[in-house]
Amino acid sequence: MCAKADAKFDVYEFINEQIITQLEKGVLPWRKPWKVAIVEGMEYSVPHNYATKRPYTGVNAFLLALTPYRTPMFLTFNQVKEKGGMVKQGAASLPIVFWKPIKPGRRSVKNDKSKDRSDVREDKLVLRYYRVFNIEDTTLPVEIREPKTQPEPVVIEACQRIVDQMPNRPRLVYNDPSRCYYRPALDVVNMAPAQNFKKAEDYYSVLFHELVHATGHSSRLNRAELREMAPFGSQTYSKEELTAELGAAYLCGVTGISSVTLDNSTAYINGWLNKLRGDKRFFFEAAQKAQKAANYIQNLTPTYEAESQPA
């Protein structure tokens, strides 16, 4: 499937409108529960490409959550044909975004030690998109089942494994049993005791949220939103909270638990809506930062679907 180059189609605007529509309904699309897809003996519980088996992440994972489907397998029209299948009549596709290198330009740079100037090659990227179909809208085989409810020990083990593999992890304390927060000045995450939560997955969902905040520390990803002392409701504060919410949602998806991190979802949703209406790149940028944070916590540098132009 070839990349789209229609200048009339604004990818940022499309993403923004989709997210706004869901938030106006009070829906947080990144918390969508996916079914388990079994392909060639492997189980997939977050969006993957059916042909390559690579995961969709960042803004693409959240875009795919906007579809009415719960089967987390997608592929392009050409991939359907290559696999010997067909797209069902009337099926709707959804754009997947990626960065495409464009012909590099050159700029003149002055040498610090002389008056000489030299040309420096500048690689530039432009956002493009292509379209994918859900596996349910094709004739290709896939086994689907509802996710199993895991016993507490299994949930704790899976989630704790994520926490344990975070490099340069902040100190975890329980000094304030009624609150959960990350304090950048001390580089400390305070958590309420696990027994204060109804379920283990609730505890880890909140802990993931705070650890995503902690990735913004200067000793880790050095995120600008965390460096600034931003007041509640500001652009900076809202983007950092959305980054933590999205990053936690992704880690919850990886471990197969539900995401329940916000005590006052209505206030946050209203704040995000205000920012989204004024900045069409707001969600996209937060999703990118969230993915980097989730990668850092998992100590991973994985290969994702849609990193480059598809064949």
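I begin with the term I shall lean on throughout: a residue counts as buried under 20% relative accessible area, as exposed over 50%, and as partly exposed in between. By that scale K280, at 33% relative accessibility, is partly exposed. I keep in mind that I am working on a predicted model.

**Entry 1, overall.** I looked up the element count and found 9 helices and 10 strands in the protein. Of its 311 residues, 49% are buried. I then turned to the contacts with a separation of 6 or more, and noted that residues 24 or more positions apart account for 74% of them.

**Entry 2, K280 and its partner.** Having placed K280 on the accessibility scale, I asked which residue its side chain meets in a salt bridge. The partner is D10, with a distance of 2.5 Å from N to O. This pair links distant parts of the chain, since K280 sits in the loop between α8 (265–278) and α9 (282–298) while D10 belongs to the segment before α1 (11–24), and the two are 270 residues apart. D10 is partly exposed as well, with a relative accessible area of 29%.

**Entry 3, other salt bridges.** I recorded 14 salt bridges in the structure, and followed two further pairs in detail. In one of them the side chains of R220 and D187 meet at 2.8 Å, N to O; R220 lies in the loop between α5 and α6 (224–227), D187 in the loop between β9 and β10, and 33 residues separate them. Are these two residues buried or exposed? I find R220 buried at 10% relative accessibility, and D187 buried with a relative accessible area of 16%.

The other pair is R223 with E240, whose closest N and O atoms are 2.9 Å apart. R223 lies in the loop between α5 and α6, whereas E240 belongs to helix α7 (residues 235–255), so the salt bridge ties together parts that are 17 residues apart in sequence. R223 is buried, with a relative accessible area of 5%, and E240 is buried, also with a value of 5%. I noted in addition that K35, R70 and E146 are joined into one network by salt bridges that share partners.

**Entry 4, a sheet and the helix on it.** I traced an open sheet of 3 strands, in which the order is β8-β10-β9 and the pairing is mixed. The edge strands, each pairing on one side only, are β8 (171–173) and β9 (181–183). From one strand to the next, the twist averages 25°. Between β9 and β10 (residues 188–190), which run antiparallel, I found 3 bridges, and in β10 it is N190 that serves as the bridge partner of Y181. Helix α5 (residues 200–214) packs on this sheet and touches β8, β9 and β10, its direction making about 25° with that of β9.

Within helix α5 I looked more closely at E201. At 16% relative accessibility, E201 counts as buried. Its side chain makes a polar contact with the side chain of K199, at 3.3 Å. Leaving aside neighbours within four places in sequence, I find E201 in contact with V155, I257 and S258.

**Entry 5, cysteines.** How many disulfides does the structure have? The count comes to 0. For C159 I checked the distance, and the closest cysteine sulfur, in C252, is 7.0 Å away, which is too far for a bond because a disulfide needs the two sulfur atoms within 2.5 Å. C159 is buried, with a relative accessible area of 0%, whereas C180 is partly exposed, with a relative accessible area of 25%.

**Entry 6, positive phi.** Most residues other than glycine have a negative phi, and I therefore set down two exceptions separately. E40, which is not a glycine, has a positive phi near 55°. I place E40 in the loop between β1 (36–39) and β2 (42–44), where it counts as exposed at 67% relative accessibility. N299, again not a glycine, has a positive phi of about 55°. N299 lies in the segment after α9, and it is exposed, with a relative accessible area of 52%.

Methods. Residues numbered from 1 in each chain as written. Predicted model: local features only at pLDDT ≥ 70, side-chain atom pairs only at ≥ 80, totals over all residues. Heavy atoms only, no water. Pairing = 2+ DSSP bridges. Helix = DSSP H or I, 4+ residues; strand = E, 2+ residues; numbered from the N terminus. Axes fitted to C-alpha atoms, helices over the stretch in contact; angles between N-to-C directions. Contact = heavy atoms within 4.5 Å. Buried < 20%, exposed > 50% of the residue type's maximum accessible area, 1.4 Å probe, protein only. Polar contact = N/O pair within 3.5 Å; in protein donor to acceptor, adjacent residues only side chain to side chain. Salt bridge = Lys/Arg side-chain N within 4 Å of Asp/Glu carboxyl O.
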